[in-house]
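Let's take a walk through this model together, starting with how charged side chains pair up and ending where two chains meet. Keep the structure open as you read.

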Amino acid sequence: MAIIGKRLVKQVKTTGVKATIAQRADDAFTRFTSGLTWGDVRGVLRGDPAPRPNPRVKPHTEGFWFHIRPTFYHEATTSLYPTFRLGFLSALFFAIEIITGVYLMIFYTPSPERAYSSMIDIITNVPFGMFMRDLHRLGAEVMVIVVTLHMVRTFTTGSYKKPRQFTWFTGVVLLMVTLGLSFSGYLLPWDQLAFWAVTIGTSMADAAPVLGPTVNLLLRGAPDIGAGGLLRFYLLHVVLLPLIGIIFVAVHYYKVVRWGLSLPPEMEPVGEDNARKVPPEKRVNFLPDIATNEIMYIAIAVAILAVSCATWYHAPLETHSNPLVTPNHTVAPWYFYWLQGLLKNTHIIPILPTDISTVVDRFFANVLGLTPKILWGIIIGPLVFVLLMVVPYIDPNPSRRYGQRKIMLTLGALFGALILYLSLAGIPTGVPVTGFGYVGGAPAAEVAQEFMPDEGDGALMNIPFDQMVVGEYQVSPDAGVANAPDLNAVLKEIYYDMQRRMTSADPNGRKLSQDAVAKVQIAQIQPDLKELTISISYTDDQTGTPQLYTKFKFLHKNADH
Amino acid sequence: MSIIKKIVTFKPSFTLRVIFGLISVVGFLSACAIVGLGDLSRALGAQDAKYQARSIEDGALVYSQQCARCHGPDGKGIAGQGPALSSITFLGKVENGIEVTKSQRLIDIGWVGNLDGYIRAVTAAGIPLKSSNVWDVTHPAFGQSYGGNLRDDQIADVSLFIQNWRQAPYTEGVIDSPKPGEALGPKPTAVPLSPEQEAGKAAFLKYGCTACHAIKGVAQGAVGPNLSTIGADAANIITQADYKSSQGKATTASEYIHESIVSPNAYIAPKCPTGACVAGIMPQNFAQTIPATDLTNLVAYLASLK
């Protein structure tokens with residue numbers, strides 16, 4: 001202390017107070033930036049050319065954060081193509097998820113009694129709570145897209161080839177971590193959407209032979225999802241998966257830097273890898289060029305995300321989870337639609353005629369214990385990831401040129417198309433032309449589901465509250481309810497929807513009977529609370545008996561459907 | 001193609017980076033400002049109202065499934081089953097969020113907490129028969145912690161739904177609980193059933209009628225019409241004009257009851273616990289499934305209920 005004090009006094013005496021403060025501040029700043037003075041940083045941010053000798057290399061050898069990043073990039077990798085910045089964006093969204101996630105963690109309790117009310121609390125009582133939740137949710141969805149695109153890009157440019165096979169392998173692990181993070185986070189709001197999407201997801205594990213029930217029990221903590229399952233998914237979501245993610249990001253990025261960003265395929269001789277041998281005139285220094293670009297990308301991505309969440313995007317929150325009530329048309333999260341579509345295969349070999357297929361199924365079930373659900377959901381589904389992992393090790397072609405990789409690129413495109421097809425099959429409406437994957441009950445129930453779904457909002461519920469005039473209305477093209485144009489419009493929509501279902505059969509071959517009529521009843525139950533009932537009378541197309549289908553919902557003035 | 005090439009090989013100049021970056025930072029900050037200012041002024045309150053409203057909707061569903069059969073769909077109470085919940089005596093009155101009339105019921109029973117607490121406590125934990133001692137029906141314990149089937153959040157929803165009546169509680173046509181210590185008057189002395197009627201009562205229980213119909217002290221079904229006084233009601237119905245214009249052919253109360261069992265769609269009774277009765281709900285095949293003797297006894301039993 002005394003020595004510093006003496007030095008300080010001496011410095012002040014010789015140079016004056018002002019110069020001493022400036023000198024000391026600059027020293028502190030230089031320690032913080034691992035070797036750059038304020039003047040250097042200013043030069044970087046202004047885009048000044050580097051002085052010689054270049055002080056901007058020093059942070060790469062002295063500091064932790066900059067030593068992770070390369071000192072220079074090859075000029076050819078700095079335009080949008082070939083990387084499209086997708087790897088960088090993946091890491092950025094991972095960071096955004098961690099930051100917003102920690103904020104949400106403060107207000108969240110992972111127990112069935114408290115979880116849903118935590119969500120309501122975050123939305124209604126926490127400043128920026130809803131904003132953070134929207135950012136977290138939208139960021140997660142975008143992250144899945146970005147990570148997938150990153151993989152598609154790497155495949156297309158052949159960047160997975162020697163020497164980057166292991167980089168690709170860790171990348172597939174990171175894809176699985178991303179999906180796992182997104183999926184485990186899905187359960188936490190503890191609403192109907194969460195509960196049933198995750199029930200579908202985990203019940204696939206249950207079907208697996210030998211280990212399936214054990215894995216399922218480990219995940220759920222009980223035969224059904226309850227307090228144990230919620231806590232386990234929470235711990236997966238906030239501890240285990242982020243930890244695995246961080247470790248694999250570290251390995252992945254180390255490999256990226258070790259081998260360099262792969263050059264555009266057309267720039268390299270076949271079978272060689274020149275990414276590390278950058279001639280001096282092709283070098284683009286990290287400081288200032290790459291750094292300022294990245295700062296811009298961060299700013300743009302965060303701004304788009306934030307503006308979206310402040311305006312049009314709000315994370316869904318349905319009613320409290322209820323194990324006793326399964327809403328119609330329950331689906332897995334969209335990035336698992338393909339798996340759900342895969343599970344809809346009813347036969348071991350789907351292309352055979354039904355009679356032969358049944359025999360084949362029976363043979364496999366009796367001899368090998370292999371049912372279609374096990375084959376398609378448990379064996380083929382996870383096999384997709386294994387296939388992705390081994391792609392670089394089984395692809396014999398050394399060339400990265402597009403023209404010389406016709407087979408692999410075609411296979412890749414076919415794989416992508418298959419995943420898209422299966423994803424379409426995963427949603428209740430099925431694939432448009434083939435009808436594969438269609439899930440639907442009686443046409444009358446589908447009409448009601450369309451306009452008044454079990455969960456979420458339908459056209460009937462979106463009618464402004466003051467236009468829900470109490471009364472009973474036949475569904476018709478021109479109901480003519482006074483002062484209720486929206487109500488009239490919905491009645492008209494229902495009418496035409498029913499007409500459509502009368503003339504064209506659904507993929508199960510079922511039509512709404514010609515004599516079907518529907519009516520909508522609106523009753524006032526309480527001040528500000530109305531009951532909406534839709535009832536459809538029709539003749540059942542299978543039994544020929546008259547049937548009545550009714551469905552009702554309560555709607556409150558302030559509920560904002 | 002050249003446009004695509006231009007886009008993918010595009011490298012933003014330093015100036016462009018600064019411009020894009022600044023625009024983005026301004027965009028981000030204004031998004032934060034919009035959200036923050038909204039939260040400060042009224043957005044959180046609006047969200048609160050929205051989710052409270054959704055709670056009331058959920059509560060209405062639970063009420064219609066679990067509570068309406070005894071307290072009535074409009075909460076006005078059903079004699080012998082459950083007292084009114086939408087009456088001013090039970091709820092007091094609220095105007096613009098301020099309580100203008102206190103709940104007389106809470107004062108009478110000496111409940112020191114608030115109305116919400118009372119509703120939730122009774123819904124969750126129930127009331128034993130001996131402490132309510134008014135009617136022959138106990139209040140069941142609905143809370144999962146007390147052996148029922150409702151979660152805590154559902155009980156909170158139901159309570160919000162019931163309190164939603166406080167803006168405009170009913171003052172007439174309600175069946176309130178009597179004050180503690182006051183009985184409802186002398187209980188009617190039960191007329192003993194004849195052996196035939198006794199057999200009819202057994203048939204009523206045996207053929208599943210209890211699932212939909214209520215008879216005071218016997219069954220609590222809440223789908224079809226209440227049959228507690230069907231003997232008297234039947235005699236009344238067959239004299240009505242809308243019965244005569246229907247397909248019904250009965251001329252006595254017993255014939256009407258018989259007809260209602262074997263061909264229920266001949267005439268649709270007007271009043272069911274949850275509103276107007278609907279055709280096609282009651283099974284059409286009792287003529288085949290109930291033996292003739294049981295049917296005769298059943299009609300005799302029902303006709304005796306007056």
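A salt bridge here is a side-chain nitrogen of Lys or Arg within 4 Å of a carboxyl oxygen of Asp or Glu. Please bear in mind that this is a predicted model. With that rule, A:Asp48 and A:Arg46 form a salt bridge, since their closest N and O atoms are 3.4 Å apart. A:Asp48 itself is partly exposed, at a relative accessible area of 30%. Over all chains, the count comes to 20 salt bridges.

Now turn to a pair that links distant parts of chain A. The side chains of A:Glu268 and A:Arg400 meet in a salt bridge at 2.7 Å, N to O. A:Glu268 sits in the loop between α12 and β2, while A:Arg400 is in the loop between α16 and α17, 132 residues apart. Both partners are buried: A:Glu268 has a relative accessible area of 4%, and A:Arg400 has 8%.

Further along the chain, A:Asp540 pairs with A:Arg510, with 3.9 Å between the closest N and O atoms. A:Asp540 belongs to the loop between β5 and β6 and A:Arg510 to the loop between α19 and β4, so this salt bridge ties together parts that are 30 residues apart in sequence. These two residues are buried as well. There is also a network, in which salt bridges that share partners join A:Glu450, A:Asp497, A:Arg500 and A:Arg501.

Aromatic rings come next, and there are 32 aromatic pairs over all chains. In chain B, look for B:Tyr63 and B:Trp165, an edge-to-face pair with 5.7 Å from centre to centre and 75 degrees between the planes. B:Tyr63 lies in helix α2 and B:Trp165 in the loop between α7 and α8, so the rings tie together parts that are 102 residues apart in sequence. B:Tyr63 is buried at 2% relative accessible area, and B:Trp165 is buried at 1%. In chain A, ring pairs link A:Phe183, A:Phe233, A:Trp334, A:Tyr335 and A:Phe336 into a cluster.

Finally, how do the chains meet? The contact takes 50 residues from chain A and 44 residues from chain B. About 3,800 Å² is buried between them, and carbon and sulfur atoms give 65% of this area. Two salt bridges are counted between the chains, one of them joining A:Asp560 and B:Lys50 at 3.8 Å, N to O. There are also 17 residue pairs in polar contact between chain B and chain A. On the side of chain B that touches chain A, α1, α2 and α7 each supply at least two residues, and α2(B) gives the most, with 28 residues. By class, that side has 24 nonpolar, 10 polar and 10 charged residues.

Terms used: Residues numbered from 1 in each chain as written. Chains lettered and ligands numbered in written order. Predicted model: local features only at pLDDT ≥ 70, side-chain atom pairs only at ≥ 80, totals over all residues. Heavy atoms only, no water. Contact = heavy atoms within 4.5 Å. Buried area = accessible area lost by both parts, 1.4 Å probe. Polar contact = N/O pair within 3.5 Å; in protein donor to acceptor, adjacent residues only side chain to side chain. Helix = DSSP H or I, 4+ residues; strand = E, 2+ residues; numbered from the N terminus. Nonpolar A, V, L, I, M, F, W, Y, C, P; charged D, E, K, R; others polar. Phe/Tyr/Trp six-rings, centres within 6.5 Å; stacked < 30°, edge-to-face > 60°. Buried < 20%, exposed > 50% of the residue type's maximum accessible area, 1.4 Å probe, protein only.
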